[in-house]
Amino acid sequence: MTPHPETWLSVRPEGLYCEPADLFIDPARAVPRALITHAHSDHARPGHGAVLATPETLALMTRRLGEGRAGLTQQPLAYGESLDVNGVRITLFPAGHVLGSAQVLLEWRGVRVVITGDYCPRPQPTCAPFAPIPCDLLVTEATFALPVFRHPLAEGEIARLLRSLALFPDRTHVVGAYALGKAQRLIALLRGAGYDAPIFLHGALFPLIEVYRAFGHDFGDLRPATAADKSALRGALVIAPPGAIQDRWARRLHDPVVALASGWMRVRQRAKSRGVELPLVISDHADWDELNATAELSGAREVWVTHGREEALIHALAARGIRGRALSLVGRGEEDEGGGPEALPAGEVAA
Amino acid sequence: MTPFADLLERLVFSPARSAKIALLRDWIATRPDPERGWGLAAISGELAFSAAKPGLIRALVAERTDPVLFGWSYDYVGDLAETVSLIWPSPATPPGPAPTLPEVVAALGGVSRAEFPALLARWLDSLDASARFALIKLITGGVRVGVSARLVKVALAEHYGVDVNAIEEAWPATAPPYLALFAWLEGRGPMPLSADRPVFRPPMLANPLEEADLADLDPADYRAEWKWDGIRVQACAGPGGVALFSRAGEDITAAFPDVAEALRGLHAVLDGELLVVRDGRVAPFSELQQRLNRKSVSSRLLRDHPAMIRLYDLLYEGAEDVRHLPFDERRARLEAWVRRASPPRMDLSPLVPFRSWDELAALRAAAREAGIEGLMLKHRASPYVPGRPKGPWFKWKRDPFVIDAVLMYAQRGHGKRSSYYSDYTFGVWTDEGELVPVGKAYFGFTDAELAWLDRWIRNHTVARFGPVREVEKSLVLEIAFDAAQLSNRHRSGVALRFPRVNRIRTDKPAAEADRLAQVLALVENRRDAA
């Protein structure tokens with residue numbers, strides 16, 4: 001008789017807890033033992049005792065949180081390798097969300113549980129590709145779980161950005177993009193589309209770019225936007241955190257076209273209320289079709305939803321005979337698109 | 001449809017006029033005939049279809065989606081056309097090539113009612129989300145992207161290096177997709193002309209009067225009129241039809257069928273102020289506002305908000321262009337024309353006699369009647385020149401009302417001001433000691449004052465709601481405005497006209513700002529005359 005996952009995987013105030021392995025997955029507050037799916041701040045909190053994650057995630061966490069704050073001890077686990085913790089076999093697989101992002105496979109007493117973390121099934125130039133993993137229970141995100149969210153091809157959105165640069169050759173194009181993941185993906189997509197001019201970056205983006213470079217990613221000619229004089233930014237492409245694109249920092253730009261790269265840009269009112277002139281629908285999350293397909297391909301009879309629009313995904317899964325359950329984990333979506341536009345930092349971001 | 005959808009998408013998110021013109025020019029330069037003409041007609045409202053009612057669109061989508069998921073999606077997105085365009089399930093293989101804009105336009109002209117739903121579903125199946133949105137907006141008559149017909153003409157003028165007034169003249173002689181117009185602009189054909197269709201002529205505008213200017217002006221050279229608080233219009237009537245144009249050249253005839261009817265049978269081009277007048281009294285501007293931007297007007301609105309034109313200039317008498325004549329001669333002709341034609345729903349804006357500037361200043365100061373914004377001064381010899389020439393015409397607005405109000409909320413501006421908190425909601429005190437917002441001001445200050453206010457707001461924020469910051473209730477702004485009117489759309493019960501920031505009163509404690517009762521005392525449309 002195999003034990004139902006409910007008997008060994010539970011939601012505690014700190015977050016999702018695996019009892020036999022005695023560890024939390026992406027806990028919302030400091031815990032003795034944490035397994036971290038990826039380095040976004042709403043998943044990777046400071047102050048844990050021991051941290052288990054991919055080498056890329058550990059490097060990104062350390063760069064963001066500082067030496068010693070990203071776990072007193074760190075244990076790297078590469079994609080595809082397994083680790084036995086008190087009888088629980090733990091294996092990490094690429095999630096396709098950002099560099100180092102992982103899906104977690106937990107196997108205990110013959111039951112397979114996959115925790116997707118944040119994931120994106122479309123191949124991306126800046127991280128290892130996602131693949132669905134067969135399991136009995138799937139624990140999934142649901143950030144874009146409404147059928148209005150069907151992300152267009154990112155290449156098409158990049159083409160719109162390049163067309164706009166050609167149409168407004170005197171205006172700086174400033175693209176708001178999250179510092180971890182989105183910014184690097186955007187640069188790689190632009191390079192892939194043949195854009196080889198220098199790209200200017202907000203100062204906050206460089207530390208993580210260096211980590212990506214250390215893992216072998218090349219982004220071409222990147223320059224600090226802060227050091228460039230205003231005339232050099234005429235007709236140039238600038239990437240900055242979303243909080244900076246319309247704030248005081250942006251006054252250095254030349255008559256900017258304000259763009260924002262996010263899955264939320266699919267909805268006009270969201271783009272309008274942000275005052276965005278060129279919304280780019282580029283997301284690092286699964287869209288509606290992909291959320292449903294992933295659940296189906298996993299073969300799981302039961303799906304737990306960590307955060308996002310749980311009710312719609314659970315409703316759609318029920319129609320296919322899959323039992324769904326909302327975990328309503330707190331503290332998610334504070335970084336990256338997961339939080340939706342309301343949670344975007346409205347204030348200043350230090351240059 | 002995709003290029004058209006891309007254009008719509010860019011226009012909708014580009015607030016700057018210069019950016020809109022650049023987008024229109026790119027469209028004109030890169031799209032072939034007849035697509036470019038149909039596109040221009042659709043965005044400027046010259047081409048409107050009403051082939052589909054929202055009910056049909058809903059029914060089509062209901063056949064293809066789960067009602068619960070559709071409901072949640074609609075709640076989230078908030079717009080039916082947008083929800084449908086996003087949620088529409090594309091088939092794995094499209095039923096055929098995506099239709100082009102000219103194909104859609106042609107099909108809409110010929111399709112029968114019974115065939116239409118199937119055709120629409122096939123179109124939606126073959127388009128992507130953004131093109132579906134453009135299609136649904138087009139067929140439900142709702143492409144609104146902030147582009148006027150005038151802006152299209154300006155873009156054409158800039159693109160082809162032609163005077164925009166020449167395009168205005170040619171415009172009535174062409175119709176979508178404007179093939180003859182493009183042929184002329186590209187040197188492939190003659191200028192389209194039509195003698196009798198109503199044509200918009202750019203009006204003559206006045207400069208604000210600086211009171212110091214008066215010393216150099218001879219009162220005997222100037223004629224004075226009241227400056228009415230309505231909408232400047234150009235009324236065109238002739239054998240080819242009638243039309244009513246706004247100051248910017250927008251054709252607003254459809255919203256004012258009562259006035260259009262009065263113009264029928266006449267032959268002239270007239271300049272005047274559109275007003276709602278009831279029992280001989282000019283109603284506040286807010287009542288005229290209710291008649292604007294309508295494609296059709298209910299009989300109730302026509303009855304309760306009757307419109308008329310108060311005439312002050314004559315551009316054409318019959319087919320004769322009289323714009324070159326001096327003001328006094330045009331005025332004499334206008335008066336004679338009004339006497340002769342005695343048109344309904346029109347009267348003459350009277351000249352205000354005066355002998356000295358002091359006398360006129362006293363008249364201006366005494367005018368507190370609703371509907372009067374101040375005075376116009378026009379040189380007796382001035383010809384009617386399009387644009388805003390310096391010297392012949394002045395507007396001398398009456399002194400504004402001024403209140404001291406407390407800054408409550410600030411919002412980021414748009415375009416060049418998007419990094420500044422430049423829209424200010426201000427309030428005054430109730431008798432209970434509560435602050436109630438009474439208006440929003442976003443001009444009146446200098447660049448230096450804007451920078452100061454922006455810094456103050458960032459340092460005194462108590463809460464944030466997206467682009468809005470709530471601030472400490474401690475900064476007093478002196479707000480100037482032209483009129484106060486009762487309003488049930490504002491929590492304070494009062495709406496201010498043209499509020500602007502006159503001064504920043506750092507010297508005044510917030511507790512000493514004005515009270516709501518003081519603002520209400522300035523209201524001019526109190527109905528309780530007792």
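Chain A of this predicted model is divided into two domains: domain 1 takes in residues 5-148 together with 284-343, while domain 2 covers 154-280. If you mark the C-alpha centre of each of these two domains of chain A, the two points lie 28 Å apart. Where the domains meet, 21 residues of domain 1 of chain A are in contact with 22 residues of domain 2 of chain A. The side that domain 1 of chain A offers to domain 2 divides into 9 nonpolar, 6 polar and 6 charged residues.

Stay with chain A and look for its open sheet. Seven strands build this sheet, in the order 7-8-9-10-11-18-19, and their pairing is mixed. At the edges are strand 7 (82-85) and strand 19 (323-326) of chain A, each of which pairs on one side only. Going from one strand to the next, the twist averages 20°. Begin at the edge formed by strand 7 of chain A: 4 bridges join strand 7 to strand 8 (residues 88-94) of chain A, and the two run antiparallel. To find one of these links, go to A:L83, whose bridge partner in strand 8 of chain A is A:I90.

Two helices pack on this sheet. Helix 6 (residues 288-298) of chain A touches strand 10 (111-115), strand 11 (137-142) and strand 18 (302-308) of chain A. The direction of helix 6 of chain A makes about 175° with that of strand 11 of chain A. Helix 7 (residues 310-318) of chain A also packs on the sheet, touching strand 11, strand 18 and strand 19 of chain A. For helix 7 of chain A, the angle with the direction of strand 19 of chain A is about 170°.

Now let us cross over to chain B. How many residues of chain B are in contact with chain A? There are 24 of them, and they are in contact with 28 residues of chain A. Helix 2 (17-30), helix 5 (67-77) and helix 6 of chain B each supply at least two residues to the side that touches chain A. Helix 5 of chain B gives the most, with 6 residues. By class, this side of chain B has 11 nonpolar, 9 polar and 4 charged residues.

Helix 6 of chain B is worth following a little further. The axis of helix 6 (residues 80-87) of chain B and that of helix 9 (residues 129-139) of chain B come within 8 Å and cross at roughly 145°. This crossing of helix 6 and helix 9 of chain B is right-handed. From helix 6 of chain B come B:A81, B:E82, B:V84, B:S85 and B:L86, which meet B:A129, B:R132, B:F133, B:I136 and B:K137 in helix 9 of chain B. The contact of helix 6 of chain B with helix 9 of chain B has 6 nonpolar, 1 polar and 3 charged residues.

In the loop between helix 8 (116-126) and helix 9 of chain B, you will find B:L127. Is B:L127 buried or exposed? B:L127 counts as buried because it has 24 C-beta neighbours inside 10 Å, where 20 or more are needed. Setting aside neighbours within four places in sequence, B:L127 is in contact with B:M1, B:A98, B:R132 and B:L135. B:R132 also appears among the residues of helix 9 of chain B that meet helix 6 of chain B. B:L127 and B:G96 are 31 residues apart in sequence, with their C-alpha atoms 9.7 Å apart in space.

Further along, the domain assignment of chain B gives domain 1 (207-397) and domain 2 (401-520). The centres of these two domains of chain B, taken over C-alpha atoms, are separated by 33 Å. Here 4 residues of domain 1 of chain B are in contact with 5 residues of domain 2 of chain B. The residues on the domain 1 side divide into 2 nonpolar, 1 polar and 1 charged.

The tour ends at strand 13 (residues 421-429) of chain B, which is mostly covered, with 7 of its 9 residues buried. Strand 13 of chain B pairs with strand 12 (residues 401-412) of chain B in the antiparallel sense over 6 bridges, and B:A410 has B:Y424 as its bridge partner in strand 13. Strand 13 of chain B is also joined by 6 bridges to strand 14 (residues 435-441) of chain B, again running antiparallel. In strand 14 of chain B, B:P437 is the bridge partner of B:G427. The hairpin of strand 13 and strand 14 of chain B has 5 residues between the strands, and in this hairpin B:G433 takes a positive phi near 80°.

Note on methods
Residues are numbered from 1 along each chain as its sequence is written. Chains are lettered from A and ligands numbered from 1 in the order in which they are written. This is a predicted model: local features need pLDDT of at least 70, side-chain atom pairs count only at pLDDT 80 or more; totals for chains, interfaces and linings use all residues. Axes are lines fitted to C-alpha atoms, for helices over the stretch in contact, and angles run from 0 to 180 degrees between N-to-C directions. A crossing is left-handed if the near helix is turned anticlockwise from the far one by less than a right angle, and right-handed if clockwise. Two residues are in contact if their C-beta atoms, placed from the backbone, lie within 7 Å. Ala, Val, Leu, Ile, Met, Phe, Trp, Tyr, Cys and Pro count as nonpolar, Asp, Glu, Lys and Arg as charged, and the others, Gly among them, as polar. A residue is buried if 20 or more other C-beta atoms lie within 10 Å of its own, exposed if 12 or fewer, and partly exposed in between; C-beta atoms are placed from the backbone. Two strands pair if DSSP finds at least two bridges between them. Domain bounds come from an automatic or database domain assignment.
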